[in-house]
Amino acid sequence: MDDVVTIEDALSTRAQKERAAQAGQPMYASRVKVHPKEIGGTYRRLKWAVLIVLLAIYYVVPWIRWDRGPDAPDQAVLADIVNGRLYFFFIEIWPQEVYYLTGLLILGAVGLFLVTSLAGRVWCGYTCPQTVWTDLFMWVERLIEGDRNARVRLDNAPMSAAKLGKRSLKHAVWLVIAAATGGAWIMYFNDAPTVVGNVFTGQASTGVYFFVGLFTATTYLLAGWAREQVCTYMCPWPRFQAAMFDEDTLIVTYEKWRGEPRGRHQKGQAAEALGDCVDCNLCVAVCPTGIDIRDGQQLECIGCALCIDACNSVMAKVGRPLNLITYDTTRNQEALAAGAPVPKYRLARPRTVLYSLLLLIVAGLMLWSLAFRASLDINVLHDRNPLFVTLSDGSIRNGYTIKILNKTLEGRAYLLGIEGLSAPRLTVVGQEGEGADNAILEAEADSVASYRIYLRLPREAVTGDSLTFTFTLTDPDSGDVVYNETVFRGPKP
Ligand code: SF4
Ligand code: SF4
């Protein structure tokens, strides 16, 4: 009965460790270094194309200019942390509009769910930064140290001048790429030409050098050293992406029903009683995570499809039909294994419909909100102490701090008014004249203007200790009006 593992045991790390210790096994397996072999083919070409496009976007975008007027930054995509602005071409997001970022994150997450439920781990296999930079680092490694066998030989060889030279050159190139990666990241938070000039002339801030160093180190370590271990041990996504899979999700699959029993046979001669898999292990040799797809779906499989390219090259050589390893759905594979007709692919399934609807709703809401976004806003803060003052003539006065958010790229003069109070009298601290029921307040382009305001009511108009009313702020140029409901405090009746 000792061999029986309960669910509690299976879920308990402690129980697993105790069992491993009792069995005399080490608690943690050491890393088996993966030396992926180079392979050509359709998916490899696709991966190169995606890599080039993504790297080009990453490095080129900060250099795109966008004219926003004389006093605004002219970088198309910029996160201006110091001034609290996020610029994306014609869109400018203020800190108060952080919900747009939330919307973008929701769009990204739901988009990822949809893509995963349709085509498995294509994000991991093609577009994840870890995959892209690891691919680039492996390409450099292959260029300097040679393909799989040469690298294994070099690893096992004692240190020599040649080995030291190759290793030094590889790490130097990796560091240059890592520094370029960290440097490019900084350009998204500063004016690109300025910050690059400052970095090279030693005039950049300590913060800039710190973040360039941080991103250089993380890129170098994650893409050069950790590689597949990031996907296998550090990334949470593989742990729950399986929840988005169903029997109609396209995944990289080994056609066991035609590959097994595996065994070596000659070109054009399918050995009696053998399947199509010639057991050449090329699919394992090219795998960047070092797994054998013939063992079935595994957490380590990032869906890069390089094993499809590898196996197709073998199938072509031995004269067998291609796609022994293929992108296919579980439903199709079950039908093929049973010799039944292949069912029709179902694009519209409950989960894909749900994700698509969510995407449309969130994207629609964001577009609507952007299209009708006010270029003006008002925040009002009532004085906390004192809540009100009784003046010598018996009238009651309240104090407020008013902030005007002018989101346009030109200075504006706005009309402040009051609705819901009888006989109000306004005084703007620092402005001449008092006692009018409205006031002109100016705000510079793309900025927040702050004013202290006193509002006075005759004693007889203060009919309660808290009167609700509304400040109105009108832009005479555009006709836009914004409102802020607040209270006027007075003595208890
Ligand atoms: S098993 Fe195939 S698809 Fe999965 S990671 Fe390895 S090579 Fe890529
Ligand atoms: S590459 Fe194809 S034939 Fe070779 S071991 Fe893998 S599945 Fe079998």
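The questions and answers below look at the cores, ligand shells and unusual backbone angles of a predicted model.

In this predicted model, local features need pLDDT of at least 70 and side-chain atom pairs count only at pLDDT 80 or more, while totals for chains, interfaces and linings use all residues. Residues are numbered from 1 along each chain as its sequence is written, and chains are lettered from A and ligands numbered from 1 in the order in which they are written.

User: Which helix gives the largest share of the largest nonpolar core?
Analyst: A nonpolar core is a set of buried Ala, Val, Leu, Ile, Met, Phe, Trp, Tyr and Cys residues joined through C-beta atoms within 7 Å, where buried means that 20 or more other C-beta atoms lie within 10 Å of the residue's own, exposed means 12 or fewer, and partly exposed means in between, with C-beta atoms placed from the backbone. The largest such core has 24 residues, and those with the most contacts inside it are Cys283, Val286, Leu306, Cys307 and Ile325. Strand 4 (251-254), helix 14 (282-286) and helix 15 (306-318) each supply at least two of its residues, helices (H or I, at least four residues) and strands (E, at least two) being DSSP runs numbered from the N terminus. The largest share of this core, five residues, comes from helix 15.

User: Which residues does Cys283 touch, leaving out those up to four places away in sequence?
Analyst: Cys283 is one of the residues with the most contacts inside the largest core, and a contact here means that two C-beta atoms, placed from the backbone, lie within 7 Å. Not counting residues up to four places away in sequence, the residues that Cys283 touches are Ile293, Cys307, Ala310, Cys311 and Ile325.

User: How many charged residues does the shell around ligand 2 have?
Analyst: A residue is near a molecule if its C-beta atom, placed from the backbone, lies within 6 Å of it, and of the 15 residues around ligand 2, Cys277, Cys280, Leu282, Cys283 and Cys311 come nearest. For the classes, Ala, Val, Leu, Ile, Met, Phe, Trp, Tyr, Cys and Pro count as nonpolar, Asp, Glu, Lys and Arg as charged, and the others, Gly among them, as polar. The shell around ligand 2 has ten nonpolar and two polar residues, and its charged residues number three.

User: How many polar residues are in the shell around ligand 1?
Analyst: Of the 14 residues around ligand 1, Cys287, Ile293, Cys301, Cys304 and Cys307 come nearest. This shell has twelve nonpolar residues and no charged ones, and its polar residues number two.

User: Where is Pro261, which follows a cis peptide bond from Glu260?
Analyst: Most peptide bonds are trans. The bond from Glu260 to Pro261, however, is cis, with omega near -5°. Pro261 is found in the loop between helix 13 (256-259) and helix 14.

User: What is the phi of Asn281?
Analyst: Asn281 is found in the loop between helix 13 and helix 14, and with 14 C-beta neighbours inside 10 Å it counts as partly exposed. Its phi is positive in a residue other than glycine, with a value near 70°.

User: How far apart in space are Leu336 and Trp257?
Analyst: Leu336 lies in helix 16 (residues 330-338) and touches Trp257 and Val342, not counting residues up to four places away in sequence. Leu336 and Trp257 are 79 residues apart in sequence, while their C-alpha to C-alpha distance in space is 7.8 Å.
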